[in-house]
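I opened my notebook to go through one chain, step by step. I wanted to write down each thing as I looked it up.

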Amino acid sequence: ERDNAVLQATLQAELASARLQTLRLQLNPHFLFNALNSIASLVHSDTAKADAAVAALSSFLRGSLAVTRGEETTLENELRLVDAYLEIESLRFEWLTVDLDVPDAWRSACVPAFVLQLLVENAIRHGLAPRRVPGRVVIAARVTGGRLTLSVSDDGVGLGARSADPSLGLGLQNLRARLTQLYGAEGELAVEPAHPHGTVATIRVPYRVCPSDTPRSAPDT
């Protein structure tokens with residue numbers, strides 16, 4: 001009975017890991033499709049920008065290799081991936097402004113890999129791009145009561161217009177499923193209207209420092 005219990009627990013753990021791997025890998029083709037579309041749109045209009053976008057995509061893919069070994073990475077690594085992604089998008093959307101509000105103290109926190117990249121991509125492509133005027137994305141992190149809160153907000157078209165896009169819903173469903181697999185009830189995703197307009201996506205997960213990183217002194221919360 002003990003052997004059977006151990007076997008069952010092992011199989012359940014392997015199944016959960018396989019589900020997580022599947023959910024995470026679904027993000028990569030989605031991102032690559034959008035990135036290659038961005039590059040293709042520049043090839044005929046601005047070859048110099050297209051070359052720069054290819055180099056930025058190469059940088060992003062190299063960076064992503066560092067986090068594909070596990071389901072979690074440091075917030076610092078995630079921000080580096082976002083920077084590489086924004087290099088690509090800023091070549092196409094020159095009007096884009098991105099503000100970062102992430103204290104150094106929280107950058108060693110464990111976060112699900114590719115979570116910020118997905119939320120930033122959604123903010124740009126589904127919130128700002130349809131409006132076709134200059135827009136802003138704000139990435140913020142806070143720790144309160146033992147939980148890490150990550151938010152990505154935009155001043156774009158808002159939830160009503162974005163909800164009509166089925167690809168947005170699939171991405172968020174995927175993210176919610178990953179949070180549930182990783183953290184159970186302690187992993188949350190909320191998508192709400194921003195004020196005075198736009199959308200804010202907020203993720204809450206248990207705060208802990210990734211073992212491979214040197215802990216940093218954190219301010220009182």
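**Entry: a helix checked by length.** I began with helix α5, residues 115-128. The model is predicted, so I treat every value here as computed. Helix α5 has 14 residues, and at 1.5 Å a residue it should span 20 Å. I looked up its end C-alpha atoms and found them 19 Å apart, which agrees.

Is α5 enclosed or open? I went through its residues for burial, and 14 of the 14 are buried. Helix α5 is therefore largely enclosed by the rest of the structure. Buried here means under 20% relative accessible area.

**Entry: the whole chain.** Next I stepped back. I counted seven helices and seven strands in the chain. I then read their order from the N terminus: α-α-α-β-α-β-β-α-β-β-α-α-β-β. The chain has 221 residues, and 43% of them are buried. Its accessible surface comes to about 11400 Å². Carbon and sulfur atoms hold 55% of that surface.

I also looked at contacts between residues with a separation of 6 or more. Of these, 77% are between residues 24 or more positions apart.

**Entry: strand β7 and its partners.** I moved on to strand β7, residues 199-206. How many of its eight residues are buried? I found seven, and I noted the strand as mostly covered.

Which strands pair with β7? One is β5, residues 147-154, joined to β7 by eight bridges. These two strands run antiparallel. I picked out one pair: Asp154 stands opposite Thr199 of β7.

Another partner is β6, residues 188-193. Strand β6 pairs with β7 over six bridges, again in the antiparallel sense. Here Pro193 has Thr199 in β7 as its bridge partner. So I wrote Thr199 down twice, once opposite Asp154 and once with Pro193. Five residues lie between β6 and β7 in their hairpin. Gly198 in this hairpin takes a positive phi near 105°.

**Entry: the disulfide.** Last, I searched for disulfides and found one. What does it join? It links Cys110 to Cys210, with an S to S distance of 2.1 Å. The pair ties distant parts of the chain, 100 residues apart. Cys110 lies in strand β3, residues 110-112. Cys210 lies in the segment after β7. I checked burial as well, and both Cys110 and Cys210 are buried.

Key: Residues are numbered from 1 along each chain as its sequence is written. This is a predicted model: local features need pLDDT of at least 70, side-chain atom pairs count only at pLDDT 80 or more; totals for chains, interfaces and linings use all residues. Side-chain values use heavy atoms; hydrogens and water are left out. Helices (H or I, at least four residues) and strands (E, at least two) are DSSP runs, numbered from the N terminus. Buried means under 20% relative accessible area, exposed over 50%, partly exposed in between (1.4 Å probe, protein chains only). Contact means heavy atoms within 4.5 Å. Accessible areas come from the Shrake-Rupley method with a 1.4 Å probe; for residues, only the protein chains shown count as cover. Two strands pair if DSSP finds at least two bridges between them. A disulfide is a pair of cysteine sulfur atoms within 2.5 Å. The expected span of a helix is 1.5 Å times one less than its number of residues.
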